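Trainee: I have just opened this entry and would like to go through it with you. Could we begin with the strands and then turn to the contact between the chains?

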Protein chains: 2
Amino acid sequence: MLPLPLEQLAEQLRLLPGVGKKTALKYAFRVLELSDEQAQNLLATIAEVRSNIVSCVICHHISESDLCSICANTSRDDSQICVVEDARDVLAFERAGSFKGLYHVLGGVISPMDGIGPDKLNISSLLGRLDEVSEIIVATNPTVEGEATAMYLTKLLAPRGITVTRLAYGLPAGSDLEYADEVTLARAIEGRRSL
Amino acid sequence: MLPLPLEQLAEQLRLLPGVGKKTALKYAFRVLELSDEQAQNLLATIAEVRSNIVSCVICHHISESDLCSICANTSRDDSQICVVEDARDVLAFERAGSFKGLYHVLGGVISPMDGIGPDKLNISSLLGRLDEVSEIIVATNPTVEGEATAMYLTKLLAPRGITVTRLAYGLPAGSDLEYADEVTLARAIEGRRSL
């Protein structure tokens, strides 16, 4: 019933995160209804994103040139490297604005279930950056895989005399104790500090 | 902070229905992460959808040729035309499979608030199709605009000696009386039938 190209487009739009069959079809119809100018712009921008955005050769963050704007910025503190899972995490830290060191984007986390071992991540390039570094802040997500990756990095880096730290666990700002889950609450007590 | 092309792509992805700033950015990152083959396929399919899918010259349903597969099918009952808002509604009826007549896609509903008058809809082409037709089923959505459009069409068509009908209102199949809204319940009582 559905014209084949439209069905194919819907199928391909399911590659977008969290998009199922119905939403993909809704999106495909919208693409069909775009004005010619909007459609041309969309095609051109997708092509531009694909060809002009590369990985920084040092930290693997997204960049429009070989060196990302953070690695190229000489006023950043190069004694600290914050290790994150992906480029979005770098953007989140930069929005917060409190970290003045450098980053290293792993490109994922260790996940044996998905066949992702340490060799698939940007770890060897991290080891090549340690000369000036005194502290590595492991900022992987507080998930099972994120924890395993943090553990792996700690074992790898600690023998080299580098301080390895992890982000603080606890209650998110503005949250309500009553609705905090047990694990978060337990960790908030564990990590309590004197006032 | 965000590379410009990525920001532009996120901005353009907000044209998709129900997609806000955060979701658009998530989608833009996914587009960046696609394999070259996936990205090429996506670009090609968008272009194909845009160039190969046209409106049926008779009923305005989406089609890959001048005549859609429904209008081209001589075994359909040409004495009944089901008037719908858009192509998705045709697909919904065809999935249900109980209607054997023809369709007419209005391309929207009358909505003075959005500046859409009857002249912006495919109504004159509907008037040109009435020769063999004995019944017009107005299947616009049960919204204020859908009702207004149904009313407009009834006033236009009834004087021409054509039976104009409207879809039945009532409880959706498999639903629970307890959770039905007042309007639906009132209409279900109004439209009650003898058993």
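Trainee: Which residue stands opposite A:Ile81 in S5(A)?
Mentor: In this predicted model, the residue opposite A:Ile81 is A:Ile136 of S5(A). Strand S3 of chain A and strand S5 (residues 135-138) of chain A pair in the parallel sense, over four bridges.

Trainee: And how many bridges join S3 to S4 in chain A?
Mentor: Five bridges join strand S3 (residues 77-84) to strand S4 (residues 101-105) of chain A, and these two strands run parallel. Across this pairing, A:Cys82 stands opposite A:Tyr103 in S4(A).

Trainee: What unit do S3(A), H4(A) and S4(A) make?
Mentor: Together they make a β-α-β unit, and this unit is right-handed.

Trainee: Changing topic: how many residues does the contact take from each chain?
Mentor: The contact takes 45 residues from chain A and 45 residues from chain B. About 4500 Å² is buried between the two chains, with carbon and sulfur atoms giving 73% of that area. On the side of chain A, the residues that lose the most area to chain B are A:Met1, A:Arg50 and A:Arg88, which together account for 15% of what that side buries.

Trainee: With which residue does A:Arg50 meet in a salt bridge?
Mentor: The side chain of A:Arg50 meets that of B:Asp36, at 2.8 Å from N to O. Four salt bridges are found across the interface of chain A and chain B, along with 20 residue pairs in polar contact.

Trainee: Which element gives the most to the side of chain A?
Mentor: That is H3(A), with 12 residues. By class, the side of chain A that touches chain B has 28 nonpolar, eight polar and nine charged residues.

How values were computed:
Residues numbered from 1 in each chain as written. Chains lettered and ligands numbered in written order. Predicted model: local features only at pLDDT ≥ 70, side-chain atom pairs only at ≥ 80, totals over all residues. Heavy atoms only, no water. Contact = heavy atoms within 4.5 Å. Buried area = accessible area lost by both parts, 1.4 Å probe. Polar contact = N/O pair within 3.5 Å; in protein donor to acceptor, adjacent residues only side chain to side chain. Nonpolar A, V, L, I, M, F, W, Y, C, P; charged D, E, K, R; others polar. Pairing = 2+ DSSP bridges. Right-handed = clockwise from strand over helix to strand, strands pointing away.
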